[in-house]
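Tutor: Have a look at this one, and then we'll go through it together.

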Amino acid sequence: MEDSLNKPFEELKVKIENKKARIAIVGLGQVGLPTALSFVNSGYNVTGVDTNEELINKISNGMSPFQEKNLQEFIKNSQKSERFHVSTKIDESVENSNIIIVCVATPITKDIKPDMTSLKSVCDSLSKCDLNGKLILVESSLPPGTFEGLVIPFIRKSNQICWSCYVPERLVPGHAFSEIKTTSRIIGELDTESGILARELYKTIVQAEIILTTFRVAEISKLVENTYRDVNIALANEIGIICEVYGIDFNELSRVCNSHPRVNLHQPGPGVGGPCLPKDPYLLLNPFNSEQIKSDIILNARKFNDKMPDHVFSLIKRALLEKNKKIENSVISVLGTAYKANVSDTRSSPAEKIIKQLLDLGCNVKVNDPNTEAGFGGLYEKNILNTVKKSDLVVILTDHDEYKKLDLHILSDSMNENPILVDTKRVFDKKEADTAGFLYVSVGYHNLKEEIN
Ligand code: SAJ
């Protein structure tokens, strides 16, 4: 009797071990696509599902839909293997698979509430499929209580045996493939069998520790990790501003402080962007179907980071005044609109707010980013040197590798008289910038006169 009850479990376990289990990954964004290709690379047959036809077409034509290290190579290899397929049809893909991994985005709305539209739609589709004998995993970030309150009721039916776990993604965009492999993985199990199956599966792509816990802890751990980073960045930003007041250099301060075994100051910058850090603290404080939890530190840190673009804007104005340049009509070159180095993603990028403020003031704004043509209203220019040419001030908002290779002498020679460099990501050494004739300003260091109104 017991044997026959365990048969579907044993069958799926053996299929996972032999890489005969077929996997459907729902949502082919910056998490879903690298995850799908990692499973293909480890020997599985994978169907990637997304409702975005343009994205599906790009992938099936062998093109990378976004900037990600080694993505092109993984797509090419997966095509060669003939074990990767893409589809817009969720029901068909789910029916033909043994394992379903949900990687859809869970953003926040304009009024800062969790937006579970995509997740609900996927759960609704899943509820209409035969899930008997299948393992259903969710990687998307969830407001606490969502796995139990939303996902499970949709997929658990009395007449079906299936398994489920919450397995939060932890990969850092830009290094997705290496992080999938080397970062320890959290499995939040619904029950022991589900945990065993999920562990067997992830063991094939993760070379680091696999940590089993309850799904409730897993859900909150994901959000706390990103909140921890956001709060630490806010601290670094505030200390950066304090350094400006005291006239010392944050980089030198952090070199000294970080020599302490229990101190690890983060890096100040123009603000915090991307699809994760600006929203996960809000997900943490907004449990599924419940009132928002009150918070002092987390919310204030979030607001502080959101205000950093204003600080950069004020530094730009002060630097222009210092060099007796008229703010309106000045030519400003913005280097970097992606939210961070070596990605093409511009979601919640601090660049958007800074460019808009400059345009509102009447500045002539030219914009470059090697990975995206998003200009946020500024004039996009593909060539970096052409962007900088004849400008009064260059502001670096993203530390792309391409910018690190620039020769500051060439830049300053091509600019208008009294060139200014606002290096919010500390791409260049200030001494080097001085030698090249720049007025050098950054978040966490400058010699500008008093604050202006
Ligand atoms: N930033 C700073 N100072 C720093 C570090 C980062 O200003 O010292 C800024 C970046 O410029 C960027 C933003 O923070 O605008 C976020 O960048 P990030 O590299 O810290 O993180 P994400 O959003 O690309 O990825 C995060 C990661 N979480 C943690 O490191 C705790 C990643 O591991 C998660 O998987 C990812 O969120 C996610 O998908 O949730």
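Tutor: First, a bit of vocabulary: two strands pair if DSSP finds at least two bridges between them, and strands are DSSP runs (E, at least two residues) numbered from the N terminus. This is a predicted model, where local features need pLDDT of at least 70, side-chain atom pairs count only at pLDDT 80 or more, and totals for chains, interfaces and linings use all residues. Residues are numbered from 1 along each chain as its sequence is written, and side-chain values use heavy atoms, leaving out hydrogens and water.

Student: Over how many bridges do β13 and β14 pair?

Tutor: Strand β13 covers residues 420-423. In it, Ile 420 stands opposite Leu 439 of β14. The two strands run in the parallel sense, and their bridges number three.

Student: Which strands stand at the edges of the sheet?

Tutor: Six strands make an open, parallel sheet in the order β11-β10-β9-β12-β13-β14. Two of them have a single partner strand each, so one side of each is left without a neighbour: β11 (379-380) and β14 (439-441).

Student: Which helix gives the most to the shell around the ligand?

Tutor: The ligand is surrounded by 21 residues (a heavy atom within 4 Å), including Glu 169 and Leu 171 among the closest. Five come from one helix (a DSSP run of H or I, at least four residues). That helix spans residues 215-246 and is α10.

Student: How far is an oxygen atom of the ligand from an N or O atom in the side chain of Arg 229?

Tutor: For Lys 222 the ligand oxygen distance is 2.7 Å, and for Tyr 339 it is 2.5 Å. For Arg 229, the value is 2.4 Å.

Technical notes: A polar contact is a pair of N or O atoms within 3.5 Å; within protein, one must be able to donate a hydrogen and the other to accept it, and residues adjacent in sequence count only if both atoms are side-chain atoms.
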